Amino acid sequence: MAEPVVRIPDAKVALSTASVYPETTATAFEIAARLGYDGVEVMVWNDPVSQDIDALRRLSDYHQVPILAVHAPCLLITQRVWSTDPWVKLQRARAAAEKLGASTVVVHPPFRWQRQYARDFVQGIWRMANETDVRFAVENMYPWRYRDREMLAYAPDWDVTKDDYRHFTIDLSHASTARTDAIHMLDRMGDRLGHVHLADGNGSAKDEHLVPGRGSQPCAELLERLALSGFDGHIVIEVNTRRAMSGAEREADLAEALAFTRLHLASAAKVPRR
């Protein structure tokens, strides 16, 4: 006979510093420590602290919260952060990850108007990945929509599974915005899945980044499948708390997201009695 037991995978649950916006990177470390997250993912953006390796190390040491991943500055609002050259941005993100002990750099595919960068992107990511132990995990994006119009803003493609990368990041809010099946995308990524951005969505043209469980995405199913497969990458809570009316409400949302994630990572397994 066998009896069900709870098995918790080795995957760590981290808080993206973007999840506390418009609060600061420093606030994200405070909240992650208080709520019991396993670490943080640093979104490198216009907050000077997010760009400062020494300041990030001090925050990590003070709060005893490790930095598990660095999100390279790939957003429209970060076009001048760490250079205007996208390859320099990735080199600096890799250097930051190496110095801070992070295992992953998250990167978006190029915008279509970054023509030379887009043309060399797949081979360039492989080249950079071969030069370090840090994972370059390329993240799925989405078409831009306005009313009945759609613009393909990313190249080679917003669906990164159409290209050959060593590691992927799956983002469920982006899958929702793209109106694509996140579980099918997970299957296509297979054992090249290295990183997860967990958030929910309802298929809006806007990238919603809802707290997991508040939208229509298969957040619970995806977590359960990761647990059963023995996934050992990082699961990062990347949600939008801009509408929180207070710090307490923001923290409650982030506590709920952490509880949801840990609950569904606990999978029922059958093991023989000894």
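Tutor: Buried means under 20% relative accessible area, exposed means over 50%, and partly exposed is what lies in between. Keep in mind that this is a predicted model.

Student: Then why is Arg 225 called partly exposed?

Tutor: Arg 225 has a relative accessible area of 32%. Partly exposed runs between 20% and 50%, so the label fits.

Student: What makes Asp 187 and Arg 225 a salt bridge?

Tutor: Their side chains meet at 2.4 Å, N to O. The cut-off is within 4 Å, so the pair qualifies.

Student: Where do the two sit in the chain?

Tutor: Asp 187 is in helix H6 and Arg 225 in helix H7, 38 residues apart, and the pair links distant parts of the chain.

Student: Asp 253 and Arg 214 form a salt bridge too. Is Asp 253 buried or exposed?

Tutor: Buried: Asp 253 comes in at 12% relative accessibility, and the limit is under 20%. Arg 214, at 41%, counts as partly exposed. Salt bridges with shared partners also join Arg 214, Asp 253 and Glu 256 into one network.

Student: How do you know that Asp 164 and Arg 192 tie together separate parts?

Tutor: Their side chains meet at 3.3 Å, N to O. Asp 164 lies in the loop between strands E8 and E9, and Arg 192 in the loop between helix H6 and strand E10, so the pair ties together parts 28 residues apart in sequence.

Student: How many salt bridges does the structure hold?

Tutor: Twelve salt bridges.

Terms used:
Residues numbered from 1 in each chain as written. Predicted model: local features only at pLDDT ≥ 70, side-chain atom pairs only at ≥ 80, totals over all residues. Heavy atoms only, no water. Helix = DSSP H or I, 4+ residues; strand = E, 2+ residues; numbered from the N terminus. Buried < 20%, exposed > 50% of the residue type's maximum accessible area, 1.4 Å probe, protein only.
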